[in-house]
Amino acid sequence: MKRLSLILFVLLFFSCDDKEETVDCDIKATLKDYTGMDGCKFVLVLENEEVLEMGYFDEEPNFKFNDGMKVSISYEEMQDMASICMVGPIVRIMCMKTI
């Protein structure tokens, strides 16, 4: 019985461990200032010329956006979202680093 209790304790301890999810930040993009277009701000232009609208970015208050800045990102598309800008899919930025 003690052995079973010990095994359960160990399993619970390690299964509840708060492991931070690692995100690959390896998609290259360029920040573009689309402020002149209705409802637009900064967008991301990928290497294949696809334009992404930033819907959510955790670190936005701390990140300094500059037109033409090269960045490396990780994102996921946000479903059932709409915007006035309408230049591309709306995405949640999970990681953004300057390169």
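**A pocket lined by β2 and β3, and the core beside the strands**

Strands β2 and β3 each put at least two residues into the lining of the largest pocket. Of the elements involved, β3 gives the most, with five residues. In this predicted model, the pocket holds about 310 Å³ of space. Its lining counts 16 residues, and those closest to the centre are K41, F42, E53, M54 and G55.

E53 deserves a longer look. This glutamate sits in strand β3, which runs over residues 51–57. E53 is buried, yet no salt bridge goes with it. The nearest side chain of opposite charge belongs to K41, and that is 11 Å away, whereas a salt bridge would call for a nitrogen of Lys or Arg within 4 Å of a carboxyl oxygen. K41, too, is on the list of lining residues closest to the pocket centre. What does E53 touch, once residues up to four places away in sequence are set aside? The partners are V43, S83 and C85, plus the run M86, V87, G88, P89, I90 and V91.

Zooming out, the chain has one helix and five strands, laid out along the sequence as α-β-β-β-β-β. Of its 99 residues, 25% count as buried. Contacts reach well along the sequence: among those between residues at least 6 apart, 57% join residues at least 24 apart.

Then there is the nonpolar core. In soluble globular proteins, nonpolar side chains tend to be buried together. Here the largest such core has 13 residues, and L31, L44, F63, V71, I73 and M96 touch the most other members. Two or more residues come from each of β1 (27–33), β2 (42–46), β3, β4 (70–77) and β5 (90–98). The largest share, three residues, is from β5. L44 gives a feel for how these pieces meet. Outside its neighbours within four places in sequence, L44 is in contact with A29, T30 and L31, with E50, V51, L52 and M54, and also with V71, I73, I93 and M96.

Two loop residues stand out for their backbone angles. Most residues other than glycine have a negative phi. E49, which is not a glycine, nonetheless has a positive phi of about 75°, and its place is the loop between β2 and β3. D80 also has a positive phi, about 55°, without being a glycine; D80 lies in the loop between β4 and β5. Are these two buried or exposed? E49 is exposed, at a relative accessible area of 61%, and D80 is exposed as well, at 82%.

How values were computed: Residues numbered from 1 in each chain as written. Predicted model: local features only at pLDDT ≥ 70, side-chain atom pairs only at ≥ 80, totals over all residues. Heavy atoms only, no water. Helix = DSSP H or I, 4+ residues; strand = E, 2+ residues; numbered from the N terminus. Buried < 20%, exposed > 50% of the residue type's maximum accessible area, 1.4 Å probe, protein only. Lys, Arg positive; Asp, Glu negative; His and termini not counted. Contact = heavy atoms within 4.5 Å. Core = buried A, V, L, I, M, F, W, Y, C linked by side-chain atoms within 4.5 Å. 1 Å grid on protein atoms, 1.4 Å probe; cavity = no way out; pocket = protein on both sides within 12 Å on 5 of 7 lines; lining within 4 Å. Points joined across faces, edges and corners; volume = space filled by probe spheres on them.
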